[in-house]
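Reader: I have the sequence and the coordinates open at the bench, and I would like to work through them with you. Could we take the questions one at a time, with the reasoning spelled out?

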Amino acid sequence: MTDHKEKSLADIQREVDAYIGQFKEGYFSPLALLARMSEEVGELAREVNHTYGEKPKKPEEADNSIEMELGDILFILSCFANSLNIDLTEAHNKVMNKFNTRDAKRWTRKDTEQA
């Protein structure tokens, strides 16, 4: 049964850390994690191409999904952040601040209806 309770990034990072903490090997090196992330992004690209592109999946190919590939990327991203003691919530906040300040006028905003 899948747990549908919302989780914060901190919850996800703690859950991943508890999982990885069960094993003597611990986290992979940053370079290995980058390679793993690249692999997962490639798998996501393949699924997107099968779903939205011109390359249909072969009948014998595994039935992966975009959702699962995004989940794999989130897991590896959490491992990467945890291994470097990076708080993903803080990283997200910094990036959003950058977009809301430096890039505030970069994109054309939708007109808002006046009530």
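Reader: Where is Phe28 found?
Author: This is a predicted model, and in it Phe28 has a relative accessible area of 43%, which makes it partly exposed. As for its place in the chain, Phe28 is found in the loop between H1 and H2.

Reader: Which residues is Phe28 in contact with, leaving aside its neighbours within four places in sequence?
Author: One of the partners is far along the chain, since Phe28 and Ser83 are 55 residues apart in sequence, while their C-alpha atoms are 7.9 Å apart in space. Contact here asks for heavy atoms within 4.5 Å. Leaving aside the neighbours within four places in sequence, the residues in contact with Phe28 are Leu33, Arg36 and Ser83.

Reader: Which residues make up the largest nonpolar core, and which helices each supply at least two of them?
Author: The largest nonpolar core has eight residues in all: Ile12, Val16, Ile20, Leu33, Met37, Ile76, Cys79 and Phe80. At least two residues of this core come from each of three helices, namely H1 (9–20), H2 and H3 (66–83).

Reader: What is Ile20 in contact with, leaving aside its neighbours within four places in sequence?
Author: Ile20 belongs to the largest nonpolar core, and so does Cys79, because both are listed among its eight residues. Once the neighbours within four places in sequence are left aside, Ile20 is in contact with Gly26, Tyr27, Phe75 and Cys79.

Reader: How far from Glu40 is the nearest side chain of opposite charge?
Author: Glu40 lies in helix H2, which spans residues 30–52, and apart from its neighbours within four places in sequence it is in contact with Glu69, Asp72, Ile73 and Ile76. A salt bridge needs a side-chain nitrogen of Lys or Arg within 4 Å of a carboxyl oxygen of Asp or Glu. Glu40 is buried yet has no salt bridge, and the nearest side chain of opposite charge, Arg36, is away by 4.4 Å.

Reader: How many salt bridges does the structure hold, and what is the N to O distance between Glu15 and Lys7?
Author: The structure holds five salt bridges. In the one formed by Glu15 and Lys7, Glu15 is partly exposed at 44% relative accessibility, and Lys7 is likewise described as partly exposed, with a relative accessible area of 38%. The total is five, and the N to O distance for Glu15 and Lys7 is 2.7 Å.

Reader: Is Glu47, which meets Lys57 in a salt bridge, buried or exposed?
Author: The side chains of Glu47 and Lys57 meet in a salt bridge at 3.1 Å, N to O. This pair links distant parts of the chain, with Glu47 in helix H2 and Lys57 in the loop between H2 and H3, 10 residues apart. Lys57 has a relative accessible area of 28% and is therefore partly exposed. Glu47 has a relative accessible area of 6%, below the 20% limit, so Glu47 is buried.

Reader: Which residues are linked with Arg102 in a network of salt bridges?
Author: The side chains of Arg102 and Asp103 meet in a salt bridge of 2.9 Å, N to O. Arg102 counts as exposed because its relative accessibility is 55%, whereas Asp103, at 5%, counts as buried. The network of salt bridges links Arg102 with Asp103 and Arg106.

Reader: What is the accessible area of the nonpolar patch formed by Val95, Met96 and Phe99?
Author: Met96 is in helix H4, residues 88–101, and Phe99 lies in helix H4 as well. Met96 is partly exposed, with a relative accessible area of 35%, and Phe99 is partly exposed at 38%. Together Val95, Met96 and Phe99 form this patch on the surface, with an accessible area of about 230 Å².

Reader: What is the phi of Asn85?
Author: Asn85 lies in the loop between H3 and H4, and it is exposed because its relative accessible area is 74%. Although Asn85 is not a glycine, its phi is positive, at about 55°.

Reader: How far apart are the C-alpha atoms of Glu60 and Lys94?
Author: Glu60 lies in the loop between H2 and H3, and it is exposed, with a relative accessible area of 63%. Glu60 and Lys94 are 34 residues apart along the chain, and their C-alpha atoms are separated by 44 Å.

Terms used:
Residues numbered from 1 in each chain as written. Predicted model: local features only at pLDDT ≥ 70, side-chain atom pairs only at ≥ 80, totals over all residues. Heavy atoms only, no water. Helix = DSSP H or I, 4+ residues; strand = E, 2+ residues; numbered from the N terminus. Buried < 20%, exposed > 50% of the residue type's maximum accessible area, 1.4 Å probe, protein only. Lys, Arg positive; Asp, Glu negative; His and termini not counted. Core = buried A, V, L, I, M, F, W, Y, C linked by side-chain atoms within 4.5 Å. Patch = residues over 30% accessible without salt bridge, like charges linked within 9 Å, V, L, I, M, F, W, Y side chains within 5 Å. Areas by Shrake-Rupley, 256 points an atom, 1.4 Å probe, with all protein chains shown as cover.
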